[in-house]
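Let's walk through this structure together, one step at a time. Have the sequence and the coordinates open as you read.

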Amino acid sequence: VEVGASRARGLAVGEYGLAVRVRYLPLDQPVATNDLVVSSNVNPALPAGLLVGRVGTVETPEGEFFRSTVVTPAVPLEGIRYVWVLRLPER
């Protein structure tokens, strides 16, 4: 995923159905509360720019090389079982 205006790239992971966390965000790129979190173009099967949510908290543990964030999802996740992403064929 990409986070904020700096488009810092990180890895979005679910945490036991409790939260979405973005890990491995570089320390040298600014990330702040309420920054948008969107899908990146790393995986060609998933379109870039899909809204995941907003940064809720930013965590920078002392002595670590990366920071992480907890993401507030764009939509309530309760009750969502499946998500389909439909793409137009390339021309």
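Strand 6, residues 51–59, pairs with strand 7 in the antiparallel sense, and 6 bridges hold the register between them. Keep in mind as you look that this is a predicted model. One pair to pick out is Val55, whose bridge partner in strand 7 is Val71. The two strands form a hairpin, with 6 residues between strand 6 and strand 7. In that turn you will find Gly63, with a positive phi of about 85 degrees.

Now turn to the other partner of strand 7. Strand 4, residues 19–26, runs antiparallel to strand 7, residues 66–73, and 5 bridges join them. Along this pairing, Val22 has Thr69 as its bridge partner, while Leu25 stands opposite Arg67.

With both pairings in view, step back to the whole sheet. It is an open sheet of 7 strands in the order 2-1-5-6-7-4-3, with antiparallel pairing. Strand 2 (8–9) and strand 3 (11–15) each have a single partner strand, so one side of each is left without a neighbour in the sheet. In general, strands of a sheet pair through backbone hydrogen bonds, either parallel or antiparallel.

Back in strand 7, two residues deserve a visit. Is Thr69 buried or exposed? Thr69 is buried, because its relative accessible area is 0%, and the cut-off for buried is under 20%. Beyond its neighbours within four places in sequence, Thr69 is in contact with Val20, Arg21, Val22, Leu25, Val31, Val55, Thr57 and Val58. Ser68, also in strand 7, counts as buried too, at 12% relative accessibility. Which side chain does Ser68 join through a polar contact? The answer is Arg21, with a polar contact of 3.1 Å between the two side chains. Leaving aside neighbours within four places in sequence, Ser68 has contacts that include Val22, Arg23 and Glu59. In a regular strand, side chains alternate between the two faces of the sheet.

Several of the names above return in the largest nonpolar core. It has 10 residues in all: Val1, Val3, Ala8, Val20, Val22, Leu25, Val31, Val37, Val55 and Val71. Strand 4 supplies the largest share of this core, 3 residues. To explore the core from one of its members, select Val37: leaving aside neighbours within four places in sequence, its contacts include Val1, Val3, Val22, Val55 and Val71. Among the other contacts of Val37 are Leu50, Leu51 and Val52.

Methods:
Residues are numbered from 1 along each chain as its sequence is written. This is a predicted model: local features need pLDDT of at least 70, side-chain atom pairs count only at pLDDT 80 or more; totals for chains, interfaces and linings use all residues. Side-chain values use heavy atoms; hydrogens and water are left out. Two strands pair if DSSP finds at least two bridges between them. Helices (H or I, at least four residues) and strands (E, at least two) are DSSP runs, numbered from the N terminus. Buried means under 20% relative accessible area, exposed over 50%, partly exposed in between (1.4 Å probe, protein chains only). Contact means heavy atoms within 4.5 Å. A polar contact is a pair of N or O atoms within 3.5 Å; within protein, one must be able to donate a hydrogen and the other to accept it, and residues adjacent in sequence count only if both atoms are side-chain atoms. A nonpolar core is a set of buried Ala, Val, Leu, Ile, Met, Phe, Trp, Tyr and Cys residues joined through side-chain atoms within 4.5 Å.
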